[in-house]
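Reader: I've got a new model open and I'd like to learn how to read it. Can you walk me through it?

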Amino acid sequence: MKGSPAQPLCGFSNAVVQILRLHGVEDYRAHDVLQDPDLRQGIKNYSNWPTIPQVYLNGEFVGGCDILLQMHQNGDLVEELKKLGIRSALLDAEKDQDKK
Ligand SMILES: N[C@@H](CCC(=O)N[C@@H](CS)C(=O)NCC(=O)O)C(=O)O
Ligand code: FES
């Protein structure tokens, strides 16, 4: 990403942080490519993906901001988190809504 989860330095990186936060995912490793030109280019070569941010789940490249947003909207992100043993906080939020 650009910047840090606490202080994203680009709207696209910020969007990824916010989507993860919605799902209660705050504990992940983030690397600031603005601090490391080799990482900035190297990660693009590694994933064959031209832009930052890049999201990896269990070391597997998932996509950038647009793809994460899409997965958020179509429910895939909840499923992918489940595969990692992470229960999305959004599921509990939905339950709370049902009660009302
Ligand atoms: N549509 C992209 C948005 C990200 C993007 O366009 N990133 C640009 C601007 S921050 C980028 O990384 N450019 C190459 C660079 O800055 O090294 C996505 O889904 O992630
Ligand atoms: S830093 Fe300008 S769009 Fe990301």
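Author: Sure. Start with the vocabulary: helices and strands here are DSSP runs, at least four residues for a helix and at least two for a strand, numbered from the N terminus. Keep in mind that this is a predicted model. Read along the sequence, the pattern comes out as α-α-β-β-α-α-α.

Reader: How many helices and strands does the chain have?

Author: Five helices and two strands. The C-alpha atoms fill a box of roughly 50 × 25 × 20 Å along the principal axes.

Reader: OK, now burial. What share of the 100 residues is buried?

Author: For a residue to count as buried, its relative accessible area has to be under 20%. In this chain, 29% of the 100 residues are buried. As for the surface, the chain exposes about 6700 Å², and carbon and sulfur atoms supply 49% of that.

Reader: Which residues make up the largest nonpolar core?

Author: There are 10 of them: Val16, Ile19, Leu20, Val25, Val55, Cys65, Leu68, Met71, Leu77 and Leu81. The elements giving two or more residues to this core are α1 (11-22), α3 (65-74) and α4 (76-83). Click on leucine 20 for a closer look: leaving aside its neighbours within four places in sequence, leucine 20 is in contact with Val25, Tyr28 and Leu68.

Reader: And how do I read contacts across the whole chain?

Author: Look at how far apart in sequence the partners are. Among contacts between residues at least 6 apart, 45% join residues at least 24 apart.

Reader: Let's do charges. How many positive and negative side chains are there?

Author: The chain has 11 positive and 14 negative ones, and the centres of the two sets lie 2 Å apart. The general idea for the next step is that side chains of opposite charge can pair when their charged atoms come close. A search of the whole structure finds four salt bridges.

Reader: Where should I look for some of them?

Author: Try helix α4, where glutamate 79 and lysine 82 both lie, three residues apart, about one turn of the helix. Their side chains meet in a salt bridge, 3.5 Å from N to O. Glutamate 80 and lysine 83 are also in α4, again three residues apart, and their closest N and O atoms are 2.9 Å apart in a salt bridge.

Reader: Are those four side chains buried or exposed?

Author: Glutamate 79 is partly exposed at 38% relative accessible area, and lysine 82 is partly exposed at 48%. In the other pair, glutamate 80 is partly exposed at 27%, while lysine 83 counts as exposed at 64%.

Reader: Which residue pairs with arginine 87?

Author: Aspartate 92, in a salt bridge of 2.9 Å, N to O. Arginine 87 is partly exposed at 47% relative accessibility, and aspartate 92 is partly exposed at 34%.

Reader: What about a charged residue that has no salt bridge?

Author: Take a look at lysine 44, which is found in helix α2 (residues 37-47). Lysine 44 is buried yet has no salt bridge. A salt bridge needs the nitrogen within 4 Å of a carboxyl oxygen, and the nearest side chain of opposite charge, aspartate 38, is 11 Å away.

Reader: So which residues does lysine 44 touch?

Author: Not counting residues up to four places away in sequence, lysine 44 touches Trp49, Pro50, Thr51, Ile52 and Gln54.

Conventions:
Residues are numbered from 1 along each chain as its sequence is written. Chains are lettered from A and ligands numbered from 1 in the order in which they are written. This is a predicted model: local features need pLDDT of at least 70, side-chain atom pairs count only at pLDDT 80 or more; totals for chains, interfaces and linings use all residues. Side-chain values use heavy atoms; hydrogens and water are left out. Buried means under 20% relative accessible area, exposed over 50%, partly exposed in between (1.4 Å probe, protein chains only). Contact means heavy atoms within 4.5 Å. Accessible areas come from the Shrake-Rupley method with a 1.4 Å probe; for residues, only the protein chains shown count as cover. Lys and Arg count as positive and Asp and Glu as negative; His and the chain ends are not counted. The place of a charge is taken as NZ of Lys, CZ of Arg, CG of Asp or CD of Glu. A nonpolar core is a set of buried Ala, Val, Leu, Ile, Met, Phe, Trp, Tyr and Cys residues joined through side-chain atoms within 4.5 Å.
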